[in-house]
Amino acid sequence: RQIVQESLRRLLANELVRGLLVGAQENGFPGLRRYSTDTRHEATGPVPKFSPGFVLFRSKAIGITDAYFQTADVSDSLSGYRFGDLILTHELIHAFDDRKKSTDIGFTSLTAWVFRNNRWAYLNPVRFSEYNGVVAETMTLYGRGRYSEAWARDRSFATAMSFPVPTIQSLATPVESYADILAHLILDSRATTYLKPDVVDWFERNVFPGLRDKARRFSVTDYDIF
């Protein structure tokens, strides 16, 4: 619990994170809950290995798993942020967004997501053979406890693509892409050097003003944890 509290204290110095927390609470998410990596949920199945955080929208739960505590102090290879800080920010973004702006046509068209055949498809070019190799490599490294190497490999591949994204998680769904990009715009001092300018501009125009407005209503001294 202390590790999470320390991370939240650092993060809440940032106006945009305060806005995320207010937005999450307005959407009915009361706080953070601890889960083991083997927890099974009726709606979603087991929490995947090396998944340090997740959000259950229907039950309004932000989950922090055992994997979070194993990787919380890993430093990012590009800008030095703490991995644990990124995870908390990422999950707060899911709770703040609640699958709204992340599936809005303004965001999905900009980032080349299209909904067809009952699923989301990513249309930007991706070297899938290399992508599959990176996924396999990072999972192997995570399994061996070599977390810094896994994260560095993920980041180096994702930020060097023809349409750069912060991590390969951005390629999962538009909801994950939205949370991944916004979390890095908040925490990664170098995000604007690899993200496309029109993507940065969209968040600055469509998301940041609302977060700053919510931050003015921030009055919580302690967030409910576990």
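**Exercise 1. Decide whether Tyr 178 is buried or exposed in this predicted model.**

Solution. Start with the cut-off: a residue counts as buried when its relative accessible area is under 20%. Tyr 178 has a relative accessible area of 1%, so it is buried. Now try Phe 203: its relative accessible area is 0%, so Phe 203 is buried as well.

**Exercise 2. Work out how the rings of Tyr 178 and Phe 203 are arranged.**

Solution. Step one is distance: the ring centres of Tyr 178 and Phe 203 lie 5.4 Å apart. Step two is the angle, and here the planes are at 40 degrees, so we call the pair tilted. Step three is to place the two residues on the chain. Tyr 178 belongs to helix α8 (residues 174-187), while Phe 203 belongs to helix α10 (residues 197-206). With 25 residues separating them, the pair links distant parts of the chain. Finally, look at the company they keep: Phe 107 and Trp 202 join Tyr 178 and Phe 203 in one aromatic cluster.

**Exercise 3. Find out how many aromatic pairs the whole structure has, then classify the one made by Phe 83 and Trp 151.**

Solution. A search of the whole structure turns up 14 aromatic pairs. For Phe 83 and Trp 151, the ring centres are 4.6 Å apart and the planes meet at 65 degrees. Planes over 60 degrees apart count as edge-to-face, so that is the label for Phe 83 and Trp 151. Phe 83 sits in helix α4 (residues 83-97) and Trp 151 in helix α7 (residues 147-158), 68 residues apart. Both Phe 83 and Trp 151 are buried.

**Exercise 4. Describe the surroundings of Thr 108.**

Solution. First locate Thr 108: helix α5 (residues 105-110) holds it. Next check its accessibility, which is 2% in relative terms, so Thr 108 is buried. Then list what Thr 108 contacts, skipping neighbours within four places in sequence: Ser 102, Thr 103, Trp 113, Trp 120 and Pro 174.

**Exercise 5. Do likewise for Ile 3.**

Solution. Ile 3 is part of helix α1 (residues 2-11). Its relative accessibility is 40%, so Ile 3 counts as partly exposed. Leave out residues up to four places away in sequence, and Ile 3 touches Tyr 68, Phe 69 and Ala 72. Take Phe 69: along the chain it is 66 residues from Ile 3, yet their C-alpha atoms are 7.8 Å apart.

**Exercise 6. Examine the positive phi values of Arg 99 and Asn 118.**

Solution. Take Arg 99 to begin with: its phi is near 65 degrees, a positive value, and Arg 99 is not a glycine. Arg 99 lies in the loop between α4 and α5, and at 45% relative accessibility it is partly exposed. Asn 118, also not a glycine, has a positive phi of about 70 degrees. You'll find Asn 118 in the loop between β6 (113-116) and β7 (119-122). At 71% relative accessibility, Asn 118 counts as exposed.

**Exercise 7. Step back and sketch the whole protein chain.**

Solution. Begin by counting elements: the protein chain has 11 helices and eight strands. Its radius of gyration is 17 Å, close to the 17 Å from the globule rule for 226 residues, so the chain is as compact as a globular protein of that length. The C-alpha trace spans about 45 × 40 × 35 Å along its principal axes. As for burial, 51% of the 226 residues count as buried. Last come the charges: the mean positions of the 28 positive and 26 negative ones are 2 Å apart.

Technical notes
Residues are numbered from 1 along each chain as its sequence is written. This is a predicted model: local features need pLDDT of at least 70, side-chain atom pairs count only at pLDDT 80 or more; totals for chains, interfaces and linings use all residues. Side-chain values use heavy atoms; hydrogens and water are left out. Helices (H or I, at least four residues) and strands (E, at least two) are DSSP runs, numbered from the N terminus. The radius of gyration is taken over C-alpha atoms; the globule rule is 2.2 Å times the number of residues to the power 0.38. Buried means under 20% relative accessible area, exposed over 50%, partly exposed in between (1.4 Å probe, protein chains only). Lys and Arg count as positive and Asp and Glu as negative; His and the chain ends are not counted. The place of a charge is taken as NZ of Lys, CZ of Arg, CG of Asp or CD of Glu. Rings of Phe, Tyr and Trp (its six-membered ring) pair if their centres lie within 6.5 Å; planes under 30 degrees apart count as stacked, over 60 as edge-to-face and the rest as tilted. Contact means heavy atoms within 4.5 Å.
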